[in-house]
Amino acid sequence: MRGEAELKYPGVLGEPAGEEHPGATRVPEGLEPGQLVVARNRKWNGKAHWVVPGRYLGEDRHGWWIFQGTNEFCSRPGAAFYTRSDAVLLVPRDGDWVATFYDDAHPGGVRIYIDLAVAHEWNPIRPKVTEFHVIDMDLDVVRTDTRGVFIDDEDEFAEHRVAMDYPPALAEALQASAGELYQAVKAQQAPFDGTDAEWFTKGRK
């Protein structure tokens, strides 16, 4: 198993409880460019996972885009780091996944990192501050400069499928989705066709 932290966040320091979010929705309301969006991930068993701050950029036909700049402080229980490259997060309108696109400054050469994830929720917590919640389901589709496109953490998924008692239908659907996303990234289908470039430009203004 190749660790997520090692791939996405080289140099992470150290060594992850469920919450209810009244009023949370799959479609965000009232978001305006420049507003703070805090992405909060958890695992199926409720344990906390990554927390990554960012700045909302806007939306297109693919979904909602968030800029996560260099030197942002990110953490999970037992681990913390400052980002070493710019990234943009795409929250899709449909589908059980989120995608992070990295620029060429990423220390590990990662360009696309798709987390298979469920239970997308946007939760306004105060004026101009929104949390985006999702449950990380282990499987990842990754494109790096050196390895090309591959599906990662299949062993972790198999382990957690038993230990966390993933519903069989959901587990099968996630595996199918991982295969479809792998093909989409490999074929450079939108939004994995360079669509992220314009959002990087907007984020750096």
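Asp136 is a buried residue, since its relative accessibility is 2% and burial means under 20% relative accessible area. In this predicted model, Asp136 pairs with Lys43 in a salt bridge whose closest N and O atoms are 2.7 Å apart. The structure holds eight salt bridges, and this briefing covers several of them, followed by a strand pairing and a pocket.

**Salt bridges around Lys43**

- Asp136 belongs to strand β10 and Lys43 to strand β2 (residues 36-43), so their salt bridge ties together parts that are 93 residues apart in sequence.
- Lys43 is itself buried, because its relative accessible area of 7% is under 20%.
- A salt bridge also joins the side chains of Lys43 and Glu156, with an N to O distance of 3.8 Å.
- Glu156 is located in helix α2 (residues 154-163) and Lys43 in strand β2, so this pair connects parts that are 113 residues apart in sequence.
- Glu156 counts as buried as well, because its relative accessible area is 15% and the limit for burial is under 20%.
- A network of salt bridges links Lys43, Asp136, Asp138 and Glu156.
- Side chains of opposite charge can pair when their charged atoms come close.

**The salt bridge between Asp145 and Arg111**

- The side chains of Asp145 and Arg111 form a salt bridge at 3.6 Å, N to O.
- This pair links distant parts of the chain, with Asp145 in the loop between β10 and β11 and Arg111 in strand β9, 34 residues apart.
- Arg111 is partly exposed, because its relative accessible area of 23% falls between the 20% and 50% cut-offs.

**Strands β10 and β11**

- Strand β10 (residues 129-144) and strand β11 (residues 148-152) run antiparallel and are joined by five bridges.
- The connection from β10 to β11 is a hairpin of three residues.
- Within this pairing, Val142 stands opposite Phe150 of β11.

**The second largest pocket**

- The second largest pocket holds about 170 Å³ of space.
- Its lining comprises 13 residues, of which Ile112, Arg143, Phe192, Gly194 and Asp196 are the closest to the pocket centre.
- Strands β8 (97-102) and β9 (110-126) and helix α3 (168-186) are the elements that each give two or more residues to this lining.
- By residue class, the lining of the second largest pocket divides into six nonpolar, two polar and five charged residues.
- Rolling a probe the size of a water molecule over the atoms shows where empty space is left.

Methods
Residues numbered from 1 in each chain as written. Predicted model: local features only at pLDDT ≥ 70, side-chain atom pairs only at ≥ 80, totals over all residues. Heavy atoms only, no water. Pairing = 2+ DSSP bridges. Helix = DSSP H or I, 4+ residues; strand = E, 2+ residues; numbered from the N terminus. 1 Å grid on protein atoms, 1.4 Å probe; cavity = no way out; pocket = protein on both sides within 12 Å on 5 of 7 lines; lining within 4 Å. Points joined across faces, edges and corners; volume = space filled by probe spheres on them. Nonpolar A, V, L, I, M, F, W, Y, C, P; charged D, E, K, R; others polar. Salt bridge = Lys/Arg side-chain N within 4 Å of Asp/Glu carboxyl O. Buried < 20%, exposed > 50% of the residue type's maximum accessible area, 1.4 Å probe, protein only.
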